[in-house]
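Got the viewer open? Load the model below, colour it by secondary structure, and click along from stop to stop.

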Amino acid sequence: MDQLSALLLRFGFSADTFFQGAFCGNNHFPAQPGRGHLHLVREGPATFAHADGTVLRIDAPALVFYPRPHTHALRTGACTAQLLCATVHLAGDDEAMLNSLPAFLHLPLAQLPAMSGVLELLFDEAHRGELGRKVVLNRLCDVLIVQLLRHALANRLMSAACLLDQSNAALTNAMTAMHEHPGRHWTVASLASLCGMSRSRFARQFHAAVACPPAQYLTGQRMLRAQALLRQGWLVQDVALEVGYGSQPAFTRAFRACTGLSPRDWLAQGAS
């Protein structure tokens with residue numbers, strides 16, 4: 001069994017669609033144990049507001065997935081948005097695994113060509129309203145979530161810590177530390193100490209479990225954090241310091257090596 005399949009068995013999720021169609025106004029979704037949410041915005045605009053003050057504005061077709069309990073509000077103001085929304089019931093009780101998942105994932109549908117078939121089926125089924133529609137929509141949302149997690153893992157949009165089996169559970173401490181504090185000066189020795197391992201054992205076990213060295217994983221987490229800050233309007237020099245680089249040129253070189261673009265060019269191309 002592959003690692004994602006094993007994760008999904010532990011995740012134990014099932015989608016339950018509760019809205020499809022035109023929406024105008026506001027709705028609030030409190031964090032409830034054992035529940036996440038999936039929102040498909042076929043036409044906007046729509047805004048998602050979070051308890052920490054961050055706001056996500058959607059102006060083009062997009063997917064917003066909350067894989068674990070997370071308080072958020074959905075607002076369209078006086079505008080009307082075309083939405084499909086589902087509650088995601090989480091059967092698993094592995095807190096460490098759930099906490100390794102991101103608070104939310106936001107992806108424009110234009111960036112998800114591999115999911116276009118399922119998305120087309122979802123929107124068509126929601127529009128037609130034939131017998132058994134809710135069951136079909138629920139099953140299609142399940143498939144979409146699997147494809148979304150596959151995409152997020154392949155593109156390092158979420159931590160691979162959630163893929164660890166029990167034999168590698170000790171590595172979660174190091175991966176969580178890099179995920180939550182990517183700007184710190186982490187070394188193999190300091191990460192190994194978090195896991196109660198020697199440097200050689202930690203490096204060997206980490207590479208075997210995650211398929212890359214700790215330094216490469218840390219760079220990936222730094223770039224994810226940098227991209228989020230750039231989207232929020234941070235200056236490049238401030239982002240560089242926040243994610244652990246001593247100078248803007250050093251950060252720009254690392255960013256270009258990861259994305260193929262400078263931070264400013266990346267933003268100019270739509271922060272894809």
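Start by selecting Met223, Ala226, Gln227 and Leu230 in α8, then add Phe251, Ala254, Phe255, Cys258 and Thr259 in α10: these two groups meet, with contact meaning heavy atoms within 4.5 Å. The contact of α8 with α10 is made up of seven nonpolar residues, two polar ones and no charged ones. (Ala, Val, Leu, Ile, Met, Phe, Trp, Tyr, Cys and Pro count as nonpolar, Asp, Glu, Lys and Arg as charged, and the others, Gly among them, as polar.)

A word on what you are looking at: this is a predicted model, with local features needing pLDDT of at least 70 and side-chain atom pairs counting only at pLDDT 80 or more, while totals for chains, interfaces and linings use all residues. Residues are numbered from 1 along each chain as its sequence is written, and side-chain values use heavy atoms, with hydrogens and water left out.

Now show the whole of α8 (residues 214-231) and α10 (residues 248-259): they pack at an angle of about 105°, and their axes are 11 Å apart. Axes here are lines fitted to C-alpha atoms, for helices over the stretch in contact, and angles run from 0 to 180 degrees between N-to-C directions. That makes α8 roughly perpendicular to α10 (the label covers 65 to 115 degrees; under 35 is roughly parallel, over 145 roughly antiparallel, and the rest oblique). Helices (H or I, at least four residues) and strands (E, at least two) are DSSP runs, numbered from the N terminus.

Keep α8 on screen and turn on a pocket surface. The largest pocket holds about 1,800 Å³ of space. On a 1 Å grid over the protein atoms alone, a pocket is an open set of points where a 1.4 Å probe fits, with protein on both sides within 12 Å along at least five of seven lines; lining residues have an atom within 4 Å of a point. Grid points are joined across faces, edges and corners, and the volume is the space filled by probe spheres set on the points.

Which residues are closest to the centre of the largest pocket? Pick Leu157, Leu224, Gln227, Ala228 and Arg231, out of the 45 that line it. The largest share of the lining, eight residues, comes from α8. Colour the lining by type and you get 19 nonpolar, 18 polar and eight charged residues.

Next, hide the helices and select the open sheet of five strands, β1-β8-β3-β6-β9, with antiparallel pairing. Two strands pair if DSSP finds at least two bridges between them. β1 (13-23) and β9 stand at the edges with a single partner strand each, so one side of each has no neighbour in the sheet. Zoom in on β3 (residues 35-43) and β8 (residues 81-90), an antiparallel pair with eight bridges; there, His39 stands opposite Cys85 in β8. Bring back α3 (residues 116-128), which lies across β1, β3 and β8 at about 85° to β3.

Last stop: the open sheet of four strands, β2-β7-β4-β5, again antiparallel. β2 and β5 are its edge strands, each pairing on one side only. Click β2 (residues 26-29) and β7 (residues 72-75), joined by four bridges, and find His28 opposite Ala73 and Asn27 opposite Leu74. Then add β4 (residues 46-50), which pairs with β7 over four bridges as well; His50 has His72 as its bridge partner.
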